[in-house]
Amino acid sequence: MDILSSKILSKNIKKFRKKIGLSQDKMARRAGIPYSTYLKIESGYTPNPSIQTVINIAEALNISVDYLLNRKV
């Protein structure tokens, strides 16, 4: 994942999480990932999260990975 995609990912995760009213802790639990990992991804400190982690986050937000990354399908 390039830097631009990583920034889009972190920005969108935060936006969609807030839109559905979840705390960061609840979001991490819902996605099945450690809280510290989630914080690093949402804040942009993890530039290359695994695809499975991105899938887990998208599923927890009930959106597609493409939508999460602003990709047209």
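I began with burial in this predicted model: 37% of the 73 residues of the protein chain count as buried.

I then looked up the overall dimensions. The C-alpha atoms fill a box of roughly 25 × 25 × 20 Å along the principal axes. The radius of gyration is 11 Å, which agrees with the value near 11 Å for a compact globule of 73 residues. The exposed surface comes to about 4700 Å², of which carbon and sulfur atoms supply 54%.

Next I listed the secondary structure. I found 5 helices and 0 strands in the protein chain. Among contacts with a separation of 6 or more, 60% join residues 24 or more positions apart.

I turned to the interior. The largest nonpolar core holds 18 residues, and those with the most contacts inside it are L9, I13, M27, Y38, I57, L61 and L68. At least two core residues come from each of α1 (3-19), α2 (24-31), α3 (35-43) and α4 (51-61). The greatest contribution is that of α4, with 5 residues.

I therefore examined α4, the helix that gives the most to this core. Its buried residues are T53, V54, N56, I57, A58, A60 and L61. Just after α4, I noted a positive phi of about 60 degrees at N62.

I chose A60 of helix α4 for a closer look. A60 counts as buried because its relative accessibility is 5%, under the 20% cut-off. Apart from neighbours within four places in sequence, A60 is in contact with I20, M27, R30 and A31. I also recorded that A60 and R29, 31 residues apart in sequence, lie 9.1 Å apart from C-alpha to C-alpha.

Finally, I checked the charges: the mean positions of the 13 positive and 5 negative charges are 7 Å apart.

Definitions and conventions. Residues are numbered from 1 along each chain as its sequence is written. This is a predicted model: local features need pLDDT of at least 70, side-chain atom pairs count only at pLDDT 80 or more; totals for chains, interfaces and linings use all residues. Side-chain values use heavy atoms; hydrogens and water are left out. A nonpolar core is a set of buried Ala, Val, Leu, Ile, Met, Phe, Trp, Tyr and Cys residues joined through side-chain atoms within 4.5 Å. Buried means under 20% relative accessible area, exposed over 50%, partly exposed in between (1.4 Å probe, protein chains only). Helices (H or I, at least four residues) and strands (E, at least two) are DSSP runs, numbered from the N terminus. Contact means heavy atoms within 4.5 Å. The radius of gyration is taken over C-alpha atoms; the globule rule is 2.2 Å times the number of residues to the power 0.38. Accessible areas come from the Shrake-Rupley method with a 1.4 Å probe; for residues, only the protein chains shown count as cover. Lys and Arg count as positive and Asp and Glu as negative; His and the chain ends are not counted. The place of a charge is taken as NZ of Lys, CZ of Arg, CG of Asp or CD of Glu.
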